[in-house]
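Please look over the sequence and the model before reading on. The paragraphs below go from the overall fold to single residues.

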Amino acid sequence: AGSWRPLRRTPPMWDQRGFPAGQRGSRSWRRSPSASAVPQRLPGARRTGSAAGSIGAASRSRSSQGRQEASRSAGAGAAQPRRDAAPHGPQALAHEASTSQARGGCALGEGRVLDAAAVLLTASEPLAGHGVTVASAEPGGMVLEDVQQLFYRRQGLQDLRAPGSVDFRALVSLRVLSLSHNHLVDIGPVAELPVLQELNVNHNRISDLSPAFRCEALELLLAAGNCVASLPSGGDVALSLLRRLSLFANMLADLDGLLVVLAALPRLASLDIGGNACCEDPSQRHGLVRALPGLAELDGEP
């Protein structure tokens, strides 16, 4: 009765491997080296007490510093825009105006004009992708009479007779003229080019080709993607040397009238006539081929 016995202790919270009893497979706990055997939590677990308060304050301080640095960066970026950013708004208008003037055109909003300066500038530039110069004369000493080839595409050109436009009568040596992808409706001045051999007016708004049909030296005429409903005939036709004619995607509907004009072109060997109402039916195409025995190519096919 008087013997001493030690008190029975509570079963240990940790097993021999350092895991809580009954949770041997858990890896989210690790044995604490302290005597109180308080489990440590994984990084990111919520902390309490003074340690959590100090950590939270440090985190908030870092976040505040990060926001201040981001604000200063944004302010600097707004004050100094990137040099490689594309201009927009009024800057875009000024950029377009300077680009147009450098190419010989007028400022945006005034309408593009094919003036003498634009002709000489274009004629003195190397052909894109070919590395050759359009005219042999030096740009500083070139005059309109020296220009032999002129390419003025995708310039928004609307009128060849606008005030300030070049006098086509001065282009006495011009042999190749390309005005494709513009907004031309009238090409009257083209008739004043005495030695013109190639004319490209694809993708404009032209309905009358009679000025081109008066160019006696013309060998190639490209007028696809326009509004041509009929071809000139009679005294307006002087194309005795024309070899290729492209009228693709126009408004030609009268096949009989078309055949009369085409039959008067003795050297015509290549014709693009697809995309017109006059040749939608295969029988119409067969009739066109029979009426033009000298034709070697129709719509790109022999």
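In what order do the strands of the open sheet lie, and is their pairing parallel or antiparallel? In this predicted model, 7 strands form an open sheet in the order 1-2-3-4-5-6-7, and the pairing is parallel. Strand 1 (149–151) and strand 7 (297–298) stand at the edges of the sheet, and because each has a single partner strand, one side of each is left without a neighbour in the sheet. At the first of these edges, strand 1 pairs with strand 2 (residues 176–178) in the parallel sense over 3 bridges, and the bridge partner that Gln149 finds in strand 2 is Val176.

The sheet is set within a protein whose secondary structure comes to 6 helices and 7 strands. Read from the N terminus on, the elements run α-α-α-β-β-β-α-β-β-α-β-α-β. Among the contacts with a separation of 6 or more, 47% are made by residues 24 or more positions apart. Of the 302 residues of the protein, 34% count as buried, and the accessible surface comes to about 18,800 Å², of which 51% belongs to carbon and sulfur atoms.

The interior can be followed next. In soluble globular proteins, nonpolar side chains tend to be buried together. Here the largest nonpolar core has 55 residues, and those with the most contacts inside it are Leu114, Leu177, Ile273 and Leu288. The elements that give two or more residues to this core are helix 3, helix 4 (210–213) and helix 5 (255–263), and helix 5 gives the most, with 5 residues. The surroundings of Leu114 can be listed in full: leaving aside its neighbours within four places in sequence, Leu114 is in contact with Val119, Leu150, Tyr152, Leu157, Leu160, Ser165, Val166, Phe168 and Leu179.

Two residues with hydroxyl side chains show how polar groups are placed in buried positions. Thr122 lies in helix 3 (residues 116–124) and counts as buried because its relative accessibility is 13%, under the 20% limit. The side chain of Thr122 reaches the backbone oxygen of Ala118 at 2.7 Å. Ser246, found in strand 5 (residues 244–246), is likewise buried, since its relative accessibility is 5%. Apart from residues up to four places away in sequence, Ser246 touches Leu221, Leu222, Ala223, Ala224 and Asp272.

What of the cysteines? A disulfide is a covalent bond between the sulfur atoms of two cysteines. In this model the count comes to 0 disulfides. Cys278 is in no disulfide, and the nearest cysteine sulfur, that of Cys279, is 3.8 Å away, whereas a disulfide would need the pair of sulfur atoms within 2.5 Å. Cys278 is buried, with a relative accessible area of 0%, and Cys215 also counts as buried, at 2% relative accessibility.

Two loop residues complete the picture. Asp186 has its place in the loop between strand 2 and strand 3 (198–200) and is partly exposed, with a relative accessible area of 33%. Not counting residues up to four places away in sequence, Asp186 touches Leu160 and Arg161, and with the second of these the link is a polar one, in which the side chain of Asp186 makes a polar contact with the side chain of Arg161 (2.4 Å). A polar atom of the Asp186 side chain also lies 3.0 Å from the backbone nitrogen of Gly188. Asp186 and Asn204 are 18 residues apart in sequence, and their C-alpha atoms are 9.6 Å apart in space.

Ala269 lies in the loop between helix 5 and strand 6 (270–272), and at 28% relative accessibility Ala269 counts as partly exposed. Leaving aside its neighbours within four places in sequence, Ala269 is in contact with Arg243, Gly294, Leu295, Ala296 and Glu297, of which Glu297 falls in the range given for strand 7 (297–298), at an edge of the sheet. Ala269 and Leu245 are 24 residues apart in sequence and 8.5 Å apart in space, C-alpha to C-alpha.

How values were computed: Residues are numbered from 1 along each chain as its sequence is written. This is a predicted model: local features need pLDDT of at least 70, side-chain atom pairs count only at pLDDT 80 or more; totals for chains, interfaces and linings use all residues. Side-chain values use heavy atoms; hydrogens and water are left out. Helices (H or I, at least four residues) and strands (E, at least two) are DSSP runs, numbered from the N terminus. Buried means under 20% relative accessible area, exposed over 50%, partly exposed in between (1.4 Å probe, protein chains only). A polar contact is a pair of N or O atoms within 3.5 Å; within protein, one must be able to donate a hydrogen and the other to accept it, and residues adjacent in sequence count only if both atoms are side-chain atoms. Contact means heavy atoms within 4.5 Å. Accessible areas come from the Shrake-Rupley method with a 1.4 Å probe; for residues, only the protein chains shown count as cover. A nonpolar core is a set of buried Ala, Val, Leu, Ile, Met, Phe, Trp, Tyr and Cys residues joined through side-chain atoms within 4.5 Å. Two strands pair if DSSP finds at least two bridges between them.
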